[in-house]
Amino acid sequence: MKKARDVIGLPVICVETGKQVGSAKDLLVNEGWEVESVLLEAGHWFSEATCIERKDVIAMGDDAVTIAAEQAVRPLNPNSACRALLFGERKLKGLPVITVNGQQLGVIEDVYLEADGGIKVIGYELTEGFISDLTEGRRWLPMPDAVKVGDDALIVPVHASEALQEIFGPKEE
């Protein structure tokens, strides 16, 4: 299991040429909770956004994202229905996670990706704020069986609150 933030910032390397074609700026997630593409850091102020589609990614390793050829770098489709993790109007980070019966479980801080390939989102890292992170720690919510993503919140089933797990406890001296 790997956090999406572990991928963000990694260099994107072409295995054909050994050239770095950019670095991962964000991950775009589709409605099926799979990574659809890796958004690349812009080279210049006014350059168009570029990305690498999932089918062109060989691996999202610990130290680099690898692709087969430099031609895999393409302009970002502005009409994409995907959600970004960190940036844009439709970002996941900061969305509150609320059960159907109105209980807020926390706010999305990060997502966890499956260990094999890192394509499928398998859960969320939730926070209740900086002070709460220090005193109580963050929590992990495994991917519920039904999730509705709205403009202002992520809606999960009532029983999702029972699946919450602590990631790490508070710092004690």
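Student: In this predicted model, is Glu53 buried, partly exposed or exposed?

Tutor: The relative accessible area of Glu53 is 31%. Buried would require a value under 20%, and exposed a value over 50%, so Glu53 falls in between and is partly exposed.

Student: Which residue does Glu53 meet in a salt bridge with an N to O distance of 3.6 Å?

Tutor: Side chains of opposite charge can pair when their charged atoms come close. Here the salt bridge ties strand β5 (residues 50–53), where Glu53 lies, to strand β8 (residues 73–75), and the two partners are 21 residues apart in sequence. The partner in strand β8 has a relative accessible area of 30% and is partly exposed. That partner is Arg74.

Student: Which residues are joined with Glu53 and Arg74 into one network?

Tutor: A network of this kind arises where salt bridges share partners. Besides Glu53 and Arg74, the residues joined into this one are Lys55 and Asp56.

Student: How many residues apart are Glu125 and Lys3?

Tutor: Glu125 and Lys3 form a salt bridge whose closest N and O atoms are 2.9 Å apart. The pair links distant parts of the chain, with Glu125 in strand β12 (residues 121–127) and Lys3 in strand β1 (residues 2–3). Their separation along the chain is 122 residues.

Student: Why does Glu125 count as buried or exposed, and which of the two is it?

Tutor: A residue is buried when its relative accessible area is under 20%. Glu125 has a relative accessibility of 1%, whereas its partner Lys3, at 26%, is partly exposed. Glu125 therefore counts as buried.

Technical notes. Residues are numbered from 1 along each chain as its sequence is written. This is a predicted model: local features need pLDDT of at least 70, side-chain atom pairs count only at pLDDT 80 or more; totals for chains, interfaces and linings use all residues. Side-chain values use heavy atoms; hydrogens and water are left out. A salt bridge is a side-chain nitrogen of Lys or Arg within 4 Å of a carboxyl oxygen of Asp or Glu. Helices (H or I, at least four residues) and strands (E, at least two) are DSSP runs, numbered from the N terminus. Buried means under 20% relative accessible area, exposed over 50%, partly exposed in between (1.4 Å probe, protein chains only).
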